[in-house]
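Student: Could we go through this structure together, starting with its surface and ending with its charged pairs?

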Amino acid sequence: VDDLVSFYFSRVRQSLSDIEDTRVYVDGLGTFSLRKARVEKAIIKNKSYLGNLEKQTFKGYDKTIDTQNKIKQLELILGKMEESIRRKKEFKKNNS
């Protein structure tokens, strides 16, 4: 049972940290959803961090690549969120 629970929550943790979708449903706990303002703030923070990295060293270059990938991922999820918001507004407009 311990292995099963450990595996399940490791998959949940991975799903939450990978930010593949705007919502993650966890049975018994509910739905976890991203907030647009927090995603925007994270993008700004990571871009600022990217500007302060020392790119001349190997370690700095490695962190630069990781940060650029994180920014791309956040921008993709922000685009999904904006598309979802646009669809909801359009649906409300058509149904009123």
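Tutor: The turns below take up the surface patch, the aromatic rings, the pocket and the salt bridges.

Student: What should I know about the model and its numbering beforehand?

Tutor: This is a predicted model, in which local features need pLDDT of at least 70 and side-chain atom pairs count only at pLDDT 80 or more, while totals for chains, interfaces and linings use all residues. Residues are numbered from 1 along each chain as its sequence is written, and side-chain values use heavy atoms, with hydrogens and water left out.

Student: Which residues form the nonpolar patch on the surface?

Tutor: The patch consists of Val-1, Val-5, Tyr-8, Phe-9, Leu-16, Leu-29 and Phe-32, with about 680 Å² of accessible area together. Patches are made of residues with over 30% relative accessible area and no salt bridge, where like charges are joined within 9 Å and nonpolar side chains (Val, Leu, Ile, Met, Phe, Trp, Tyr) within 5 Å. Areas come from the Shrake-Rupley method with a 1.4 Å probe, and for residues only the protein chains shown count as cover.

Student: Which helix gives the most to it?

Tutor: Helix α1 (residues 2–18) does, with four residues. Phe-32, by contrast, is found in strand β2 (residues 30–33). Helices (H or I, at least four residues) and strands (E, at least two) are DSSP runs, numbered from the N terminus.

Student: And Phe-32, is that buried or exposed?

Tutor: Phe-32 is partly exposed, at a relative accessible area of 39%. Buried means under 20%, exposed over 50%, and partly exposed in between (1.4 Å probe, protein chains only).

Student: How many aromatic pairs are there?

Tutor: The count comes to one aromatic pair. Tyr-8 and Phe-9 have ring centres 5.1 Å apart and planes at 80 degrees, so the pair is edge-to-face. Rings of Phe, Tyr and Trp (its six-membered ring) pair if their centres lie within 6.5 Å; planes under 30 degrees apart count as stacked, over 60 as edge-to-face and the rest as tilted. Tyr-8 is partly exposed at 34%, and Phe-9 is partly exposed at 37%.

Student: Changing topic: what lines the largest pocket?

Tutor: The largest pocket is lined by 13 residues, of which Ile-19, Leu-34, Val-39, Ala-42 and Leu-74 lie nearest its centre. Helices α2 (36–52) and α3 (58–95) each supply at least two residues of that lining.

Student: Now the charged side chains: how many salt bridges does the whole structure have?

Tutor: A search finds six salt bridges, each being a side-chain nitrogen of Lys or Arg within 4 Å of a carboxyl oxygen of Asp or Glu. One of them joins Glu-82 and Lys-36, with the closest N and O atoms 3.9 Å apart. Glu-82 lies in helix α3 and Lys-36 in helix α2, so the pair ties together parts that are 46 residues apart in sequence.

Student: Which partner does Lys-47 have?

Tutor: Lys-47 forms a salt bridge with Glu-75, the closest N and O atoms being 3.2 Å apart. Because Lys-47 lies in helix α2 and Glu-75 in helix α3, this pair ties together parts that are 28 residues apart in sequence. Lys-47 is partly exposed at 44% relative accessibility, and Glu-75 is partly exposed at 36%.

Student: And where do Glu-83 and Arg-86 lie?

Tutor: Both lie in helix α3, three residues apart, about one turn of the helix. Their salt bridge has its closest N and O atoms 2.4 Å apart.

Student: Which residues are linked with them in a network?

Tutor: Glu-83, Arg-86, Arg-87 and Glu-90 are linked in a network of salt bridges.

Conventions. 1 Å grid on protein atoms, 1.4 Å probe; cavity = no way out; pocket = protein on both sides within 12 Å on 5 of 7 lines; lining within 4 Å.
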